[in-house]
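Work through the exercises below with the sequence and the structure open beside you. Try each task before reading its solution.

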Amino acid sequence: MSDDAGAIGHDRLMDRVYARQRHIYDATRKYYLLGRDELIADLDPPADAHVLEIGCGTGRNLIKIARRYPQVRLYGVDISQEMLTTAAASVARAGLASRITLAQGDATSCDPKALFGVGKFERVVISYALSMIPPWREVLRHAAGLLAPGGELHIVDFGDQARLPAAFKRLLAGWLARFHVTPRETLPAEIDAVGAALGRQVVCRPIFRGYAILARLSA
């Protein structure tokens, strides 16, 4: 991400980037934010689970999770008020406002107990947010610390594209940079390190020839 984030504040930067993009975000991102539905299918939360999405954006994932797992309660945090405005409207249209609660917060330090009255979660989801947050390693550690006993952290984000043509990788990087997105090529190693520090099992697998990775940190 560019130095703009430090200069004007990450929340204001994201509001600036997505003030207009939020209206077409879901329609356009479905073509290159791959693996999100696979993550949702793998969640398999227990009955009455609390599920938190960090960097929930437009609420797209929360709505899909709510529909697939009608027994769970969902919470979403995002730093951009612009995105939360879109998310709230989408949740209301879907008739899910009683099950999905949204709040503005910093992914590196948000206190869900203060925001939602819930301190630990059976599932925590981070979908294509680490590549947008400069202190992304801090987000990983913070998210892992929010897991309830037996809970799981599920992540999907851009991979290293090692098995894709170099020209494609360069074009993708240039396109993503326009939206202050930087693939974290060391993400699998960082997830492994967090898992080792907490004594948790990590499963990390590339999908679509390394275009993206799916990871799960569990008890």
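**Exercise 1.** How many of the seven residues of strand E7 (residues 212-218) are buried? Then find the strands that pair with E7.

Solution. The model is predicted.
Step 1: A residue counts as buried when its relative accessible area is under 20%.
Step 2: In E7, six of the seven residues are buried, so the strand is largely enclosed by the rest of the structure.
Step 3: One partner is strand E5 (residues 147-158), which runs antiparallel to E7 and is joined to it by six bridges. Within this pairing, Val156 has Leu214 of E7 as its bridge partner.
Step 4: E6 is also antiparallel to E7, with seven bridges between them. Here Gln201 is matched with Ser218 of E7.
Step 5: E6 and E7 form a hairpin with four residues between the strands, and Phe208 has a positive phi near 55° there.

**Exercise 2.** Locate Arg200, and state which side chain of opposite charge is nearest to Arg200.

Solution.
Step 1: Arg200 sits in the loop between H10 and strand E6 (201-207).
Step 2: The nearest side chain of opposite charge is Glu152, 7.9 Å away. A salt bridge requires the charged atoms to be within 4 Å, and Arg200, although buried, has none.
Step 3: Look for a backbone atom instead. The Arg200 side chain reaches the backbone oxygen of Gly151 at 3.0 Å.
Step 4: Leaving aside residues up to four places away in sequence, the contacts of Arg200 include Leu147, Ala148 and Gly151, and also Leu217, Ser218 and Ala219.

**Exercise 3.** Asp44 and His180 both have a positive phi. For each one, decide whether the residue is buried or exposed.

Solution.
Step 1: Phi is near 45° for Asp44, a residue other than glycine. Asp44 lies in the loop between helix H4 (36-43) and strand E1 (50-54).
Step 2: The relative accessible area of Asp44 is 56%, so Asp44 is exposed.
Step 3: For His180, likewise not a glycine, phi is near 60°. The loop that holds His180 runs between helix H9 (166-177) and helix H10 (187-198).
Step 4: The relative accessibility of His180 is 12%, so His180 counts as buried.
Step 5: His180 is one of the residues that Ser131 touches; among the others are Asp157, Phe158 and Arg184. Ser131 is in the loop between strand E4 (121-127) and helix H8 (136-144). With a relative accessible area of 0%, Ser131 is buried.

**Exercise 4.** How many aromatic pairs does the structure hold? Describe two of them by distance and angle.

Solution.
Step 1: There are six aromatic pairs.
Step 2: The ring centres of Tyr75 and Phe121 are 5.7 Å apart and the planes meet at 70°, so this pair is edge-to-face. Tyr75 belongs to strand E2 (residues 73-78) and Phe121 to strand E4, so the pair ties together parts 46 residues apart in sequence. Both Tyr75 and Phe121 are buried.
Step 3: Trp175 and Phe179 also make an edge-to-face pair, at 5.1 Å centre to centre with 70° between the planes. Trp175 counts as partly exposed at 35% relative accessibility, while Phe179 counts as buried at 9%.
Step 4: Ring pairs also link Tyr128, Phe158, Phe168 and Tyr211 into a cluster.

Terms used: Residues are numbered from 1 along each chain as its sequence is written. This is a predicted model: local features need pLDDT of at least 70, side-chain atom pairs count only at pLDDT 80 or more; totals for chains, interfaces and linings use all residues. Side-chain values use heavy atoms; hydrogens and water are left out. Helices (H or I, at least four residues) and strands (E, at least two) are DSSP runs, numbered from the N terminus. Buried means under 20% relative accessible area, exposed over 50%, partly exposed in between (1.4 Å probe, protein chains only). Contact means heavy atoms within 4.5 Å. Lys and Arg count as positive and Asp and Glu as negative; His and the chain ends are not counted. A polar contact is a pair of N or O atoms within 3.5 Å; within protein, one must be able to donate a hydrogen and the other to accept it, and residues adjacent in sequence count only if both atoms are side-chain atoms. Two strands pair if DSSP finds at least two bridges between them. Rings of Phe, Tyr and Trp (its six-membered ring) pair if their centres lie within 6.5 Å; planes under 30 degrees apart count as stacked, over 60 as edge-to-face and the rest as tilted.
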